[in-house]
Every structure is written in structure tokens, then in C-alpha cells.
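Me: Please take a close look at a single part of this model, the salt bridges. Then follow them into the surrounding architecture in one connected account.

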Amino acid sequence: MTPPTVLKLDRVTKRFDGQPPAVNQVSFDLKQGDLLGLLGPSGCGKTTLLRLIAGFEMPENGSIYLSQRSVCGHQWVTPEQRDVGIVFQDYALFPHLTVEKNVAFGLRQQRQQSRQLHQRVAEAIELVGLKGFERRYPHELSGGQQQRVALARALAPRPSLVLLDEPFSNLDVQVRLYLRQEVRDILKRVGASGVFVTHDQEEALAIADQVAVMRHGRIEQLGAPEDIYAAPASRFIAEFVTQANFLPARRNAQGWKTEVGCFDVNVDPCAAPDEDYDLSSGDLMIRQEELDLETDAEAPLLVRDRQFLGREYKYCLLAPSGLTLHARTSLSQRIEVGSRVKASIRSQRLRFFPQPQVAAVA
């Protein structure tokens with residue numbers, strides 16, 4: 001049985017003061033229980049899109065539906081009437097209220113009965129693992145605990161949708177890694193649907209069921225994290241999400257000839273359908289983990305730098321032309337900086353970005 005649609009956007013557009021659209025013709029559906037990550041660089045429109053869903057901004061065109069109810073487009077529904085929970089980047093907790101009273105705030109706005117209110121608050125606090133912290137104030141909590149309070153407050157009214165704006169950006173690395181998985185687990189436990197904004201590729205791929213990669217106000221690709229990573233729809237997505245290498249190559253009888261070797265691999269061309277391309281020349285997309293390295297004093301690649309990342313090494317490699325490539329290897333392979341290495345490609349199939357055809361001059 002297909003889950004019902006919780007959120008639907010239809011050609012939503014928003015611009016500010018005559019500028020190019022901050023959000024441009026965005027359409028997508030979100031199913032009950034799914035978590036959607038809005039991923040993109042600063043200024044791509046992801047936070048504006050979240051604010052449009054919340055009702056903090058009004059689009060100039062398009063419609064938004066929450067649980068099949070129109071909240072803008074056909075009619076305007078104010079933020080407090082949208083049945084949406086919001087977790088802000090800075091948590092937005094009331095400093096003069098205890099954990100319990102912060103969580104109860106949204107329920108009081110709904111005029112919950114006293115007994116039901118206390119039960120809902122207790123359930124939400126226990127859900128985020130803060131039982132015993134009810135009487136503490138925000139300044140007595142760590143950043144991670146404050147984020148849990150903000151999440152409990154958003155979940156207490158049991159909204160149909162939870163919106164999270166860069167929810168982990170203010171936390172240190174270890175807390176962020178732990179809490180992002182915990183937040184996903186909590187949302188899944190209660191069957192909540194969610195939309196979260198992030199500029200962190202790893203974060204989006206790790207916790208989202210669907211990822212929408214945004215650029216210049218548009219969704220450039222929407223799909224499962226595995227699909228976005230394995231088959232990026234554009235050069236921008238390949239660079240931003242996978243952080244892959246792009247190696248100029250030309251097809252010959254032996255395979256794909258490059259400045260660091262000839263590789264006999266199959267390719268999947270990735271090109272705009274309305275332009276002409278030379279499919280024998282372009283850039284091979286090679287992920288960092290797809291490069292195998294072998295020391296060879298006569299090889300063209302120079303190891304310029306090595307980073308220890310705990311579970312692996314990351315190498316920065318310099319090609320003869322000055323092109324920089326990156327490779328990740330296991331800890332069992334330690335190559336000294338200054339060494340020369342020969343590269344081979346682990347995968348037998350690569351994404352290929354062909355060279356546009358140059359129109360002939362009349």
C-alpha cells in the first residue's frame with residue numbers, strides 16, 4: 001500500500017525585490033514517513049523553500065498542499081494553522097523557561113487540556129532522551145541537549161510534518177554525527193515526515209530517504225541518496241555531491257587516453273539533451289574511492305599531500321598539467337609524500353561528461 005502524500009509543491013516560485021527567483025518553479029511530493037533533505041550551496045534557495053512550506057514567506061506563484069489541504073495558492077493558511085513543527089538552526093528556546101515549559105509552549109498555543117498537555121510533554125521529553133531534565137533551563141544544557149529540546153517541542157503537538165533548518169550546524173563534529181542519526185531514528189519511531197535543510201553532502205546522504213539537490217532556486221535532481229551519488233544528473237551535482245575527480249580524456253582503440261594513463265572502461269554519457277556533443281572527448285568522472293594507486297618512480301602522478309582520516313588515507317595527487325586529483329585508500333596502503341604513483345580505476349563503468357561540439361564558422 002502506497003503511503004499518503006503529506007506535502008506537495010506545484011511550481012512554487014519566490015523572488016525578492018526584483019532579483020532572480022530565490023525559488024524557481026519547484027515541484028515535488030513527500031510521502032508519509034519519509035525524510036527529505038534539501039541540499040545545496042549557500043544562496044541556492046533551500047532555506048527560502050523551507051520558509052515557504054512553513055508559511056513564513058508567501059510565493060508569488062505556485063501551490064503548496066499539506067495532507068491534501070491547500071495552504072497557499074488557492075487559499076492562504078497562516079503558519080500556526082499549518083500543522084507543522086519547526087526546529088530552527090539556533091534552536092529558538094526561551095531562556096527563561098525550563099525544558100518542560102519550552103516543550104509545552106506549542107501545546108499551550110493549541111489550548112490543550114491540562115492532563116493531556118502534561119502527558120504529551122512527558123512523552124516528547126522521554127522520546128528525545130531527556131527524562132530527568134524537565135526542570136533545567138536552556139543555559140544548563142549542552143548544545144546537543146538544547147537541540148533535543150527543540151525537537152521535542154516540534155514533535156509534542158504531533159504535527160503531520162517537521163521542518164528542520166540546518167539542525168546540526170551549531171554542534172561540534174562528534175555530537176553532530178551522533179545526533180543526526182538519533183534525530184532520524186526518533187522521526188522514524190513516531191512515523192513523522194520531515195524536510196531538513198543542509199549544505200553538508202554527507203549529512204544529506206546519511207539520513208535522508210530522498211535528497212533534492214538545489215541550484216539557483218531550482219531542484220536539479222531529486223532521488224534516493226544512492227541514486228544521487230551513483231548517477232548524478234549534471235556536472236554540478238557530480239562536483240558538489242560526490243566531490244569526484246574530473247579527468248580530461250579522449251577515446252582511442254585502447255580505451256580512454258588521459259595524461260595519467262589509458263583506461264579501458266565503459267562510460268555513461270551525461271549531457272544536456274538539447275545540445276550537440278563530441279562523445280569521443282570529454283571528462284571522466286572518477287570518485288576518490290575508485291582510484292587505485294601503486295608506487296612507480298616513472299609514473300606521471302606525484303603525491304603532493306596525504307591526510308590521515310582515521311579509517312583511511314586521503315591523497316592529493318598532482319598530474320603533469322597541474323591538474324589535482326584526490327584518492328582515498330585503506331590504512332594498509334601508506335604512500336609517502338613526494339612519491340610517484342601509477343593510477344588504475346577500480347570501477348569498470350564511469351560517468352562521462354562529453355565535450356560540447358563547436359559550431360563551424362560560415
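Reply: In this predicted model, E290 counts as buried because its relative accessibility is 10%, below the cut-off of 20%. R287 is buried as well, with a relative accessible area of 9%. The side chains of R287 and E290 meet in a salt bridge, with a distance of 3.2 Å from N to O. Elsewhere, salt bridges with shared partners link K14, R51 and E57 into one network.

The structure contains 19 salt bridges. One of them joins the side chains of K14 and E57, at 4.0 Å from N to O. K14 belongs to strand 1 (residues 5-14), whereas E57 sits in the loop between helix 1 (46-54) and strand 4 (61-66), so this pair ties together parts that are 43 residues apart in sequence. Both K14 and E57 are buried.

The pair formed by E220 and R215 has a different setting, as the accessibilities below show. The closest N and O atoms of this salt bridge are 3.9 Å apart. E220 counts as partly exposed because its relative accessibility is 28%. R215 is likewise partly exposed, since its relative accessible area is 34%.

The residue ranges place R215 in strand 9 (residues 210-215) and E220 in strand 10 (residues 218-223). Strand 9 and strand 10 pair in the antiparallel sense over 5 bridges, and V211 stands opposite G223 in strand 10. The two strands form a hairpin with 2 residues between them, in which H216 adopts a positive phi near 50°.

Strand 9 also pairs with strand 3 (residues 35-39), here in the parallel sense and over 4 bridges. In that pairing, L39 stands opposite V213 in strand 9. Strand 3 in turn is joined by 5 bridges to strand 8 (residues 193-198), and these two strands run parallel. The bridge partner of L39 in strand 8 is T198. L39 therefore has a bridge partner in strand 8 and another in strand 9.

These pairings belong to an open sheet of 6 strands in the order 6-7-8-3-9-10, with mixed pairing. Strand 6 (84-87) and strand 10 are the edge strands, each pairing on one side only. On average, neighbouring strands of the sheet are turned by 20° against each other, direction ignored. Helix 4 (residues 143-155) packs on this sheet, where it touches strand 6 and strand 7 (161-165). The direction of helix 4 makes about 170° with that of strand 6.

Helix 4 leads from the sheet to the nonpolar interior. In soluble globular proteins, nonpolar side chains tend to be buried together. The largest nonpolar core of this model has 44 residues, and those with the most contacts inside it are V103, L151, L164, L187 and V213. Helix 4 gives the most to this core, contributing 6 residues. V213, which stands opposite L39 in the sheet, is thus named again in this core. Apart from neighbours within four places in sequence, L151 is in contact with V87, V128, L164, V183, I186 and L187. A second, separate core has 28 residues, among them L50, A54, L163 and M214.

Helix 8 (residues 235-242) offers a further view of the interior. Of its 8 residues, 6 are buried, so this helix is largely enclosed by the rest of the structure. The buried residues of helix 8 are F236, I237, A238, F240, V241 and T242. Q243 follows the helix and has a positive phi, near 50°.

For the chain as a whole, there are 8 helices and 21 strands. Buried residues make up 48% of the 362 residues. Among contacts with a separation of 6 or more, 67% are between residues 24 or more positions apart. The C-alpha trace spans about 75 × 55 × 45 Å along its principal axes. The accessible surface of the chain is about 18,500 Å², and carbon and sulfur atoms account for 47% of that area.

Methods. Residues are numbered from 1 along each chain as its sequence is written. This is a predicted model: local features need pLDDT of at least 70, side-chain atom pairs count only at pLDDT 80 or more; totals for chains, interfaces and linings use all residues. Side-chain values use heavy atoms; hydrogens and water are left out. Axes are lines fitted to C-alpha atoms, for helices over the stretch in contact, and angles run from 0 to 180 degrees between N-to-C directions. Contact means heavy atoms within 4.5 Å. Buried means under 20% relative accessible area, exposed over 50%, partly exposed in between (1.4 Å probe, protein chains only). A nonpolar core is a set of buried Ala, Val, Leu, Ile, Met, Phe, Trp, Tyr and Cys residues joined through side-chain atoms within 4.5 Å. Accessible areas come from the Shrake-Rupley method with a 1.4 Å probe; for residues, only the protein chains shown count as cover.
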